[in-house]
Amino acid sequence: MSVESLSFPRILLRIALLKSSPADLPYAPNVSLVLVACYLAINVLLSPIGARGLELAAMLAVAEVGLLALFLRTVLALWKLRNRFVQTFSATIGCGCGFSLAALPLAWGLQSLEGNPTGTSPLPLLFVFLVVWNFVVIVHILRQALDTRLHVSVGLNLIYMLCSFQVSVLILAGSTAA
């Protein structure tokens, strides 16, 4: 393991705390591939397991990574900043791994609450906080990578989220039709 890959987790944490930018990450396409593999594995674990659950979770995770790569490539090309793709993609996927890992115990806890609402569990509120913080971090990454204003990066993140939601709906609709 190289010295630059050892600094990746520390820089990703600083990005998630809004103290660093994607430009602080070293250009390391191989580390990006490892982060993609981790992201896919974690997000498959996050999905409920049922009939075709793992297959469906894998399809959703792969589609999300593909959409993110396409979205970032397109936006960076529009801003004429193609050379920032690897660091921006690594920052987004790497922070996504961290948020997904943090969401694992919350998701499992929320599943255990199904059918037994007590009204006193902090898990739903913690989950909402995690989703909002993830949104803030992606806005921060986009703003830094594009050298743009906050409202532009918020708008771009909303567009990405809408596209991601639509792709997920299409995959889920296709899985129920099959």
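This text follows the aromatic side chains of a predicted model, together with a charged residue that sits over one of the rings.

Three aromatic pairs are counted in the model when ring centres must lie within 6.5 Å of each other. One of them joins Phe 71 and Tyr 160, whose ring centres are 5.3 Å apart and whose planes meet at 45°, so that the pair is classed as tilted. Because Phe 71 belongs to helix H3 (residues 53–78) while Tyr 160 belongs to helix H6 (residues 150–177), this contact ties together parts that are 89 residues apart in sequence. As to their surroundings, Phe 71 has a relative accessible area of 12% and is buried, and Tyr 160, with a relative accessibility of 8%, counts as buried too.

Another of the pairs is formed by Phe 129 and Trp 133, where the centres of the rings are 6.4 Å apart and the planes stand at 15°, an angle under 30 degrees, and therefore the pair is stacked. Here the partners come from a single helix, H5 (residues 123–146), in which Phe 129 and Trp 133 are four residues apart and thus separated by about one helical turn. Their accessibility can be given in turn: Phe 129 is exposed, with a relative accessible area of 55%, whereas Trp 133, at 29% relative accessibility, counts as partly exposed.

A ring can also be approached by a charged group, and in this model Arg 73 lies over the face of Phe 85, at 4.0 Å from the centre of the ring.

Conventions: Residues numbered from 1 in each chain as written. Predicted model: local features only at pLDDT ≥ 70, side-chain atom pairs only at ≥ 80, totals over all residues. Heavy atoms only, no water. Phe/Tyr/Trp six-rings, centres within 6.5 Å; stacked < 30°, edge-to-face > 60°. Helix = DSSP H or I, 4+ residues; strand = E, 2+ residues; numbered from the N terminus. Buried < 20%, exposed > 50% of the residue type's maximum accessible area, 1.4 Å probe, protein only. Lys NZ or Arg CZ within 6 Å of the ring centre and 35° of its normal.
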